[in-house]
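This report describes how side chains are arranged in the structure shown below. Surface, aromatic rings, nonpolar interior and selected backbone positions are taken in turn.

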Amino acid sequence: SLILKHENSAFRGGDNKMLINWGCSSGDIQRLQGLPAQHLNMNNRVSMTSNKKYFLDMMTHAGVNIVPYFISLREACQYLAATRGRIYARTKLTASSGDGIVLLMREDDPQNNNEARRGNQYPILSVNGNGEFTGDVSMQMMRSINDCRLFTVGHIGQRVEWRAHVFNNKVILLQKKVRTHGGEDANANTLVRNLNSGWVYSVNFDPQETDPIDVIKDVALAAVGAAGLDFGAVDIIVDKKTNTPRVLEVNTAPGLDENGSAVNAYANAILELANE
């Protein structure tokens, strides 16, 4: 196997070659995918999937269960004024690891306090019952929020997050998001759960898990299929009260964990496909 350069690659293809596009939609990838080979994840599908708004629009059109979202600040603030909800403003549509997130929260939200703010790495803007911002908001932040075109609704109440790795129409690995350090990390807040805030995906979970595992797998397969991908890692949130799974996103370049579970899962799946 070879890792190809994004630019000026010497790869010339071949009927017995397989080109695996690990999250790339720029550079030389379009030329490479015009060469003879078996191609996994075409660049145009990767590009559309990596844009969070395009992705949610695709899922909506395909009838895949996703998190609710708005496309204007006015709608987002109206939602907050009417509910005890939470909004994630996505100021960068193709960012990863939570980059570009601004949290919009009711000023009376129990987690909108100094302790939660200290443990949170993203800006938090408070909204009152009339849908108006309270407190000091910089002009730069206000411009960023006004220009934002994607506002996803955050979950209130108990939730569990899963990652289902899909390859060639099969779920090859299931992981559950857990706190690092046994939940003792002071930065492991619950507002935005990612590596930087003290959360990781793990294969170590109770095999008798009460979440609807079969439904989670079905939703993951539907999301990858609707995105037109050959493989991807589907992030899914499950409401513990209703047991309803909703797709958050599909990662076309998922991280490969150090303990080898994801590496082995993909390697075995690729070999199985190559030997078909």
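## A nonpolar surface patch

Trp 22, Leu 256 and Val 263 make a nonpolar surface patch of about 240 Å² in this predicted model. Trp 22 is located in the loop between strand 1 and helix 1. With a relative accessible area of 31%, Trp 22 is classed as partly exposed, because the partly exposed class lies between the buried limit of 20% and the exposed limit of 50%.

## Aromatic pairs and a cluster

The model contains six aromatic pairs. One of them joins Trp 22 to Phe 231 in a stacked arrangement, with 5.2 Å from centre to centre and 25° between the planes. This pair links distant parts of the chain, since Trp 22 is in the loop between strand 1 (18-20) and helix 1 (29-32), while Phe 231 belongs to strand 12 (residues 231-239), 209 residues apart. The two partners differ in burial class: Trp 22 is partly exposed at 31% relative accessible area, whereas Phe 231 is buried at 0%.

The rings of Phe 70 and Tyr 79 form a tilted pair, because their centres are 5.5 Å apart and their planes meet at 50°; the tilted class covers angles that are neither under 30 degrees nor over 60. Phe 70 is buried, with a relative accessible area of 18%, and Tyr 79 is partly exposed, with 25%.

Which residues form one aromatic cluster with Trp 22 and Phe 231? Phe 167 and Tyr 266 complete this cluster. Trp 22 thus appears in the surface patch as well as in the aromatic cluster.

## The nonpolar cores

In soluble globular proteins, nonpolar side chains tend to be buried together. Here, the largest nonpolar core has 26 residues, and Met 59, Val 234, Ile 236 and Val 247 have the most contacts inside it. At least two residues of this core come from each of helix 3 (52-62), strand 9 (159-167), helix 7 (213-226), strand 12 and strand 13 (244-251). Helix 7 gives the most, with six residues.

Val 247 illustrates the packing in this region. When neighbours within four places in sequence are left aside, the contacts of Val 247 include Phe 55, Val 64, Ile 66, Val 67, Val 219 and Ala 223. Val 247 is also in contact with Val 234 and Ile 236, both of which are listed with Val 247 among the residues with the most contacts inside the core. Asn 65 and Asp 235 are contacts of Val 247 as well. A second, separate core has 16 residues, including Ala 76, Leu 80, Phe 151 and Val 153.

## Positive phi angles at two asparagines

Asn 41 has a phi near 65°, a positive value in a residue other than glycine. Asn 41 is placed in the loop between strand 2 (38-40) and helix 2 (43-50), and is buried, with a relative accessible area of 0%.

Asn 243, which is not a glycine either, has a positive phi of about 60°. Asn 243 is found in the loop between strand 12 and strand 13. In contrast to the buried Asn 41, Asn 243 is partly exposed, at 31% relative accessible area.

## Surroundings of Ser 202

Ser 202 lies in strand 11 (residues 199-202). Is Ser 202 buried or exposed? Ser 202 is buried, with a relative accessible area of 12%. Apart from residues up to four places away in sequence, Ser 202 touches Gln 175, Lys 176 and Val 178.

Methods:
Residues numbered from 1 in each chain as written. Predicted model: local features only at pLDDT ≥ 70, side-chain atom pairs only at ≥ 80, totals over all residues. Heavy atoms only, no water. Phe/Tyr/Trp six-rings, centres within 6.5 Å; stacked < 30°, edge-to-face > 60°. Helix = DSSP H or I, 4+ residues; strand = E, 2+ residues; numbered from the N terminus. Buried < 20%, exposed > 50% of the residue type's maximum accessible area, 1.4 Å probe, protein only. Core = buried A, V, L, I, M, F, W, Y, C linked by side-chain atoms within 4.5 Å. Contact = heavy atoms within 4.5 Å. Patch = residues over 30% accessible without salt bridge, like charges linked within 9 Å, V, L, I, M, F, W, Y side chains within 5 Å. Areas by Shrake-Rupley, 256 points an atom, 1.4 Å probe, with all protein chains shown as cover. Salt bridge = Lys/Arg side-chain N within 4 Å of Asp/Glu carboxyl O.
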